[in-house]
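Student: Pick one part of this model and take me through it slowly, please. I'd like to see how it connects to what surrounds it.

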Amino acid sequence: MTLGLINANPIVHAKKERIPRSEESHSDHFVDPLDIYDFVRDIRDPEHPYSLEQLNVLSEESISVDDKLGRILITFTPTVRHCSMVTVIGLCLRVKLKHYFPAHYKVDIKVSQGSHANEESVNKQLNDKERIAAALENPNLRQLVDECLESNEL
């Protein structure tokens, strides 16, 4: 069996310039979606040497925060509807964000509506604590996640 790239020729977008924000522009009591985006935008795609931002898998608009309910929603769009790396991308996001938020926030990670052939099952898997823990116990999968997270400033 020959293993090939799921998306051999992805569209690569230019990285956006980081805009420094002052500490006064957001309160310590609230989570800023742009801070979250800045924190995760450089995660490397598991299949290509590009960041999630460069592949337009993640955008500033794909992160929402409801401070009243203590919920953070990160929605990402795989480059193809049959992407087999979609759960790895979700796992990378979850691992990177693990200690970033105040403990009372619940983080939900989903694929954008209509962006994946198995959207419902993928979304369920991305937010199942037992499946996440089991995945992180797999040394090969954990190594892949770590490699994607090590890639700062691609």
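Tutor: Let's start with one pair of residues: Ser-64 has Leu-73 in strand 2 as its bridge partner. Before going on, note that this is a predicted model, where local features need pLDDT of at least 70 and side-chain atom pairs count only at pLDDT 80 or more, while totals for chains, interfaces and linings use all residues. Residues are numbered from 1 along each chain as its sequence is written, and side-chain values use heavy atoms, with hydrogens and water left out.

A bit of vocabulary helps here. Helices (H or I, at least four residues) and strands (E, at least two) are DSSP runs, numbered from the N terminus. Two strands pair if DSSP finds at least two bridges between them. In our case, strand 1 (63–66) and strand 2 (71–76) are joined by 4 bridges and run antiparallel. Another pair to look for is Val-65, which stands opposite Ile-72 in strand 2. The hairpin that these strands form has 4 residues between the strands, and Gly-70 takes a positive phi near 65° there.

While we're on phi, look at Asn-56 too. Most residues other than glycine have a negative phi. Asn-56 isn't a glycine, yet its phi is positive, about 60°. You'll find Asn-56 in the loop between helix 1 and strand 1. With 44% relative accessibility, Asn-56 counts as partly exposed, where buried means under 20% relative accessible area, exposed over 50%, and partly exposed in between (1.4 Å probe, protein chains only). That loop also holds His-48, which counts as buried because its relative accessibility is 6%. The side chain of His-48 makes a polar contact of 3.5 Å with the side chain of Glu-47. (A polar contact is a pair of N or O atoms within 3.5 Å; within protein, one must be able to donate a hydrogen and the other to accept it, and residues adjacent in sequence count only if both atoms are side-chain atoms.)

Now zoom out to the sheet. The sheet is open, with 3 strands in the order 1-2-3 and mixed pairing. Strand 1 and strand 3 (106–111) stand at the edges with a single partner strand each, so one side of each has no neighbour in the sheet. From one strand to the next, the twist averages 15°.

What lies over our hairpin? Helix 1 lies across strand 1 and strand 2, running at about 140° to strand 1. For angles like this, axes are lines fitted to C-alpha atoms, for helices over the stretch in contact, and angles run from 0 to 180 degrees between N-to-C directions. Contact means heavy atoms within 4.5 Å. Helix 1 (residues 33–40) has Asp-35, Ile-36, Tyr-37 and Val-40 as its buried residues, and their cover includes strand 1, strand 2 and helix 2 (86–97). At the start of helix 1, a side-chain oxygen of Asp-32 comes to within 3.0 Å of the backbone nitrogen of Leu-34.

Val-40 ties several of these pieces together. Val-40 is buried, with a relative accessible area of 0%. Leaving out residues up to four places away in sequence, Val-40 touches Leu-58, Ile-63, Leu-93, Lys-96 and Leu-97. Val-40 and Leu-58 are 18 residues apart in sequence, and their C-alpha atoms are 8.6 Å apart in space.

From there, follow helix 2. Val-88 sits in helix 2 and, at 7% relative accessibility, counts as buried. Apart from neighbours within four places in sequence, Val-88 is in contact with Pro-46, Leu-141 and Leu-144. Helix 2 also packs against helix 4 (residues 129–137) at about 95°, with their axes 11 Å apart. These two helices are therefore roughly perpendicular to each other: angles under 35 degrees count as roughly parallel, over 145 as roughly antiparallel, 65 to 115 as roughly perpendicular and the rest as oblique. Leu-91, Arg-94 and Val-95 of helix 2 make the contact with Ile-132, Ala-135 and Leu-136 of helix 4.

Finally, the setting for all this: the protein has 5 helices and 3 strands, in the pattern α-β-β-α-β-α-α-α along the sequence.
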